[in-house]
Amino acid sequence: MKDDEIKTKKQIVGKAILCMLKTNVHDHVIYRIKLNELKDLVEAIGLEVVDEIVQVRFKPYEIACIGKGKVQELRKKVINKDVKIVIFYNLLKSSQKLNLIKAVGCDVIDRYELTLEIFDQMASDNLSKLQIEAAKLEKLAPFYKLAANLNFTQDRPFFHSGGEYAFRSQLRELTRRRASIRKEIGTLVEEKKQQIANRKKLGYPVVCIAGYYNAGKTSLFNALTGEKKPVSDRPFTTLSSKYQKRFIDHETSVLFIDTIGFVLDLDHRLIKSFQINFEDIRSSDLVILLFEISVDTLTLQLKLKEGFSLLKDIGVDMNKIMIVFNKLDKNPEFTEKTIKELLLDLYDTPYIAVSAKDRTNLKDLLNLISNKLKEKSTINIISSI
Ligand SMILES: Nc1nc2c(ncn2[C@@H]2O[C@H](COP(=O)(O)OP(=O)(O)OP(=O)(O)O)[C@@H](O)[C@H]2O)c(=O)[nH]1
Ligand SMILES: [Mg+2]
């Protein structure tokens with residue numbers, strides 16, 4: 001299969017319940033945005049969300065993340081509604097996952113496993129596939145060790161893992177597979193690093209388009225470069241970075257990079273698994289942080305805050321960031337007033353609103369990019385004198 005085809009691996013059919021232990025007692029809004037995103041992701045793999053359970057407590061319970069009473073409530077819902085899988089927003093320890101599976105009688109996964117499952121459905125290139133398998137094994141190995149010690153024999157329909165890596169007899173196989181994957185990834189990552197270094201040698205400034213899934217990164221990349229990379233409203237359509245050069249003006253040609261999307265509360269282990277994609281963002285001269293503006297102001301505020309802090313965690317210099325709001329056609333009322341409400345002054349970053357679909361304001365965006373790059377190279381020249 002070609003790298004730029006959308007792969008539609010078989011979706012998982014069945015009913016799901018969402019579960020969250022909310023630790024911030026005073027939060028009455030943000031948790032809802034996070035649960036909505038979780039619902040979005042769950043539906044993207046084919047499941048139907050039929051109910052949800054939210055418990056408020058300053059800290060998760062050790063045994064099953066949620067309390068005994070809530071576990072019973074969950075069990076009843078699972079039986080009554082013929083639920084196939086429960087998906088937790090919180091990240092579960094292996095022991096909590098095992099206790100929950102036993103108590104509720106169906107499979108239980110957390111947001112991290114869910115994200116890996118979506119990646120798995122979308123992955124078409126070899127490096128992504130290996131990185132996903134490595135991350136899954138990393139997460140599941142402690143679970144299987146624990147399950148083996150407890151002689152836990154319930155088969156798990158999700159991830160097909162019960163059959164593939166089932167328990168004690170196959171733990172050795174799992175360890176062997178992890179080692180061989182690590183080796184393969186190591187080789188591919190070295191190749192990728194070499195490619196990044198070669199691109200740097202060409203001397204073009206690199207502009208990376210980063211942002212949340214479905215923000216329209218690939219659509220903008222295509223609109224700016226004339227490429228035809230796959231675009232869709234399924235999360236994580238792009239897993240491996242895409243590159244294309246573009247002439248902006250007689251002084252400036254840049255290399256645009258389209259990258260993997262973010263989710264809220266992105267797990268740091270995922271960043272580690274997809275290190276090479278994030279290396280593309282970190283090593284760029286300019287990062288376009290792209291946001292979809294057809295959402296409410298609060299969601300946008302949260303994404304702005306988290307987006308900046310994520311880029312900081314990856315190691316991006318804050319002076320290299322430019323905010324671009326996309327899908328202006330869906331929200332033409334996006335005005336100075338909205339921009340004030342977003343507290344953009346806090347970020348001290350240039351911003352612009354565009355529509356990748358209608359190609360609105362793309363020229364202004366290119367001017368902004370060119371000016372920002374020139375400003376940067378002037379600073380570099382001055383600081384080297
Ligand atoms: N109305 C409108 N839709 C857009 C615009 N840009 C992108 N879209 C739509 O938004 C959806 C997501 O677009 P993509 O370009 O695949 O988004 P992405 O950020 O690359 O997503 P991932 O690769 O999954 O992270 C698609 O259905 C696009 O058609 C826009 O300017 N206006
Ligand atoms: Mg994309």
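In this predicted model, valine 206 has leucine 255, a residue of β7, as its bridge partner. That pair belongs to the contact between strand β5 (residues 206–211) and strand β7 (residues 252–258), where the two strands run parallel and are joined by four bridges. Zooming out, β5 and β7 sit in an open sheet of six strands, and reading across it gives the order β6-β7-β5-β8-β9-β10, with mixed pairing. At the edges are β6 (242–249) and β10 (351–353), each of which pairs on one side only. Going from one strand to the next, the twist averages 25°. As a general reminder, the strands of a sheet pair through backbone hydrogen bonds, and they can do so either parallel or antiparallel.

Further along the sheet comes the pairing of β8 (286–292) with β9 (321–326). These two strands run parallel, and six bridges hold the pair together. Isoleucine 288 is found opposite methionine 322 of β9. To get from β8 to β9 the chain passes through α11, and the resulting β-α-β crossover is right-handed. Strand β9 itself is mostly covered, with five of its six residues buried.

On to the next pair: β9 also pairs with β10, again in the parallel sense, this time over three bridges. Here isoleucine 323 faces tyrosine 351, which belongs to β10. The link between the two strands goes through helix α12 (residues 336–341), and this β-α-β crossover is right-handed too.

Two helices can be placed against this sheet. Helix α11 (residues 297–314) lies across β5, β8 and β9, and its direction makes an angle of about 155° with β8. Helix α8 lies across β5, β6, β7, β8 and β9, running at about 155° to β7.

Helix α8 also turns up at the ligand. This helix (residues 217–225) supplies three residues to the shell around ligand 1, the largest share. There are 22 residues around the ligand, and the ones that come nearest are Gly216, Thr218, Thr238, Gly261 and Lys357. As for chemical character, the shell is made up of 10 polar residues, six nonpolar and six charged.

Away from the ligand, strand β1 (residues 15–22) and strand β2 (residues 48–56) make another parallel pair, joined by eight bridges. Within it, leucine 21 stands across from glutamine 55 of β2. Helix α1 (residues 30–44) completes the picture, forming a right-handed β-α-β unit together with β1 and β2.

One last residue to look at is leucine 146, which is part of helix α5 (residues 126–149). Leaving aside residues up to four places away in sequence, leucine 146 touches Ser94, Ser95 and Leu98. Serine 94 is 52 residues away along the chain, yet its C-alpha atom and that of leucine 146 are separated by 7.4 Å. Leucine 146 counts as partly exposed because it has 15 C-beta neighbours inside 10 Å, whereas a buried residue would need 20 or more and an exposed one would have 12 or fewer.

Notes:
Residues numbered from 1 in each chain as written. Chains lettered and ligands numbered in written order. Predicted model: local features only at pLDDT ≥ 70, side-chain atom pairs only at ≥ 80, totals over all residues. Near = placed C-beta within 6 Å. Nonpolar A, V, L, I, M, F, W, Y, C, P; charged D, E, K, R; others polar. Pairing = 2+ DSSP bridges. Axes fitted to C-alpha atoms, helices over the stretch in contact; angles between N-to-C directions. Contact = placed C-beta atoms within 7 Å. Right-handed = clockwise from strand over helix to strand, strands pointing away.
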